[in-house]
Amino acid sequence: MTSPASPRPDRAGSTGRAALRGILRRRGFRELALGRALTFFGNSMAPVVLAFAVLDLGGSAVDVGLVVGARSVSNVVLLLFGGLLADRLPRALVLQGAALSAALVQSGVGLAVLLDRAPVGVLLVLSVVQGAVAAVSIPASAALVPLTVPPGELRPANALSRMGVNTGMIAGTSLGGLLAAVAGPGWGMVLNGLAFVGAAFAYRLAGRELARREPTGRDAGAQKATPADPVRPWRELREGWTEFVSRTWVWVVVLQFFVVNAVAAGGIQVLGPTVADATFGRTAWGFVLGTQMAGALVGGLLVARSRSRHALRIGVAVVALDALPLLALAQSADVALLLAAMFVNGIAIEQFGVAWDLSLQENVPQEKLARVYSYDALGSFLALPLGEMAAGPLAERFGVRTTLLCGVALVALVTVGSLCSRQVRGLTTGEPVPGRGAAEGAGV
């Protein structure tokens, strides 16, 4: 339904397309988005080729779990320091260094695998490095987006950037498995290294584009700390924590997603394959997962054209749709219904994701934004192993269907709980607070 003040649907569509094209013509944003897509491509491919490399070396499932798990542990441990580093140094430079480090290690180990000179210990080190790179890249790249576009273009810019990230993740996961099967995991690692080289080059171009512009309030705020300043990591981490907890809407939504991510990880990643094996099969399950990502791409296009001022309220509310795939699995639904549930869920994920990025970028000071992002990511990542480890024992104790239905109830409960917060319901976007985030300096 279109409000009286809104343009006619045909004009709104053409205006939305013109806005998206205009954002893509901004060099700094375009290069950052390309670098993010290539980084997530590499980070998604890495665990796939690593797992097959361990198996090709004669490793067991325990070895695979150790190598892949080391990446997750490294990521969680270093996330907060990644956010701190991104707030102290030029973010494009941090991203460039992280991508080059990943490229060197990934390519070198790939060549060692091709020459049969890569023991499991070397793969373990590679896994740790990959986790460290992701820990730096996630908060730094997200916090850099508002420096590449004017405040009025921040919503579609986040949508386009996330669409690139989703595309990179889809391509990385699928191509990693294909290369490991056809050419071997060593070639997958070499290609991964080339992807990180491309990401480093894109970040370099983005950094040069930002450096050419006259410094604005945003840029100055983002680089308040310099390498010459005394390094007080614990104090700076406490500053980030204070910024994180001082806004009720921030920690309430992070708590909501801690529960939702744990439920989704256990339900989709652990119990989903179990249900698929017992009913419609593994091939159909692959299509189900792909449909969720397709929904995310469509959701990105839709939210890029949205003009809602209560983006966070809407984004938090549609998180309830995360329960649809769980409900379909619990009812042993046919594949068509499950495909529809996952597609709708993908759209909802992007509605929330863009609303969340926009809310943080417009309301958190630039010089502390990466640290707030790192606390947010830490909450999300900690939930994943907890959900994955708890799902199996709970299903054995209470049954798969009961466990999935309890997950549905939890998603609904925490969503309602988040919406009980006045700050979550009342936060508006599109009108940044002066002196904060994307509001500081429109000159780009």
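Leaving aside neighbours within four places in sequence, Gln-130 is in contact with Asn-43, Ala-46, Arg-71, Ala-102, Gln-106 and Phe-196. In this predicted model, Gln-130 belongs to helix 5, which covers residues 120-144, and the residue has a relative accessible area of 1%. Because buried means under 20% relative accessible area, Gln-130 is assigned to that class. The C-alpha atom of Gln-130 also lies 9.4 Å from that of Ala-70, although 60 residues separate the two along the chain.

From this residue one can step back to the chain as a whole. The chain contains 17 helices and 0 strands, and 51% of its 444 residues count as buried. Of the contacts in the chain with a separation of 6 or more, 89% are between residues 24 or more positions apart. The accessible surface amounts to about 19,300 Å², and carbon and sulfur atoms contribute 68% of that area.

Helix 14, made up of residues 335-363, offers a route through part of this helical arrangement, beginning with helix 6, residues 154-182, against which it packs at an angle of about 130° with the two axes 9 Å apart. That angle is why helix 6 is described as oblique to helix 14, and the crossing between helix 6 and helix 14 is right-handed. On the side of helix 6 the contact involves Leu-154, Arg-155, Asn-158, Ala-159, Arg-162 and Asn-166, while helix 14 brings Ile-349, Glu-350, Gly-353, Val-354, Asp-357, Leu-358, Gln-361 and Glu-362. Sorted by class, the residues of this contact between helix 6 and helix 14 comprise 5 nonpolar, 4 polar and 5 charged.

The pairing of helix 12, residues 311-318, with helix 14 has another make-up. Here the axes come within 8 Å and cross at roughly 145°, and the crossing of helix 12 and helix 14 is left-handed. Helix 12 takes part through Ala-311, Leu-312, Gly-315, Val-316 and Val-318, and helix 14 through Ala-348, Gln-351, Phe-352, Ala-355, Trp-356 and Ser-359. In the contact of helix 12 with helix 14 there are 8 nonpolar and 3 polar residues, with no charged residues.

Helix 14 also packs against helix 15, at an angle of about 145° and with the axes 10 Å apart, and the crossing of helix 14 and helix 15 is right-handed. Trp-356, Asp-357, Leu-360 and Gln-361 of helix 14 meet Leu-369, Val-372, Tyr-373 and Asp-376 of helix 15. This contact of helix 14 with helix 15 divides into 5 nonpolar, 1 polar and 2 charged residues. Trp-356 is thus named in the contact with helix 12 and again in the contact with helix 15, whereas Asp-357 and Gln-361 are named in the contact with helix 6 and again in the contact with helix 15.

Following helix 15, which spans residues 366-398, one arrives at Ala-377, a residue that counts as buried at 7% relative accessibility. Apart from neighbours within four places in sequence, Ala-377 is in contact with Leu-79 and Ile-138. The C-alpha atoms of Ala-377 and Gly-83 are separated by 9.9 Å, across 294 residues along the chain.

Another part of the picture joins helix 10 and helix 16. Gly-266, in helix 10 with its residues 248-278, is buried with a relative accessible area of 4%, and outside its neighbours within four places in sequence it is in contact with Leu-271, Gly-387, Glu-388 and Ala-391. The C-alpha atom of Gly-266 stands 8.9 Å from that of Gly-407, which is 141 residues away along the chain.

Thr-403 is located in helix 16, residues 400-419, and counts as buried at 14% relative accessibility. Not counting residues up to four places away in sequence, Thr-403 touches Leu-271, Ala-391, Leu-394, Ala-395 and Phe-398. Leu-271 and Ala-391 therefore appear among the contacts of Thr-403 as well as those of Gly-266, where contact means heavy atoms within 4.5 Å.

Helix 16 also holds Gly-417, which counts as partly exposed at 41% relative accessibility. The C-alpha atoms of Gly-417 and Gln-256 are separated by 8.1 Å, with their positions 161 residues apart along the chain.

Technical notes. Residues are numbered from 1 along each chain as its sequence is written. This is a predicted model: local features need pLDDT of at least 70, side-chain atom pairs count only at pLDDT 80 or more; totals for chains, interfaces and linings use all residues. Side-chain values use heavy atoms; hydrogens and water are left out. Helices (H or I, at least four residues) and strands (E, at least two) are DSSP runs, numbered from the N terminus. Buried means under 20% relative accessible area, exposed over 50%, partly exposed in between (1.4 Å probe, protein chains only). Accessible areas come from the Shrake-Rupley method with a 1.4 Å probe; for residues, only the protein chains shown count as cover. Axes are lines fitted to C-alpha atoms, for helices over the stretch in contact, and angles run from 0 to 180 degrees between N-to-C directions. Angles under 35 degrees count as roughly parallel, over 145 as roughly antiparallel, 65 to 115 as roughly perpendicular and the rest as oblique. A crossing is left-handed if the near helix is turned anticlockwise from the far one by less than a right angle, and right-handed if clockwise. Ala, Val, Leu, Ile, Met, Phe, Trp, Tyr, Cys and Pro count as nonpolar, Asp, Glu, Lys and Arg as charged, and the others, Gly among them, as polar.
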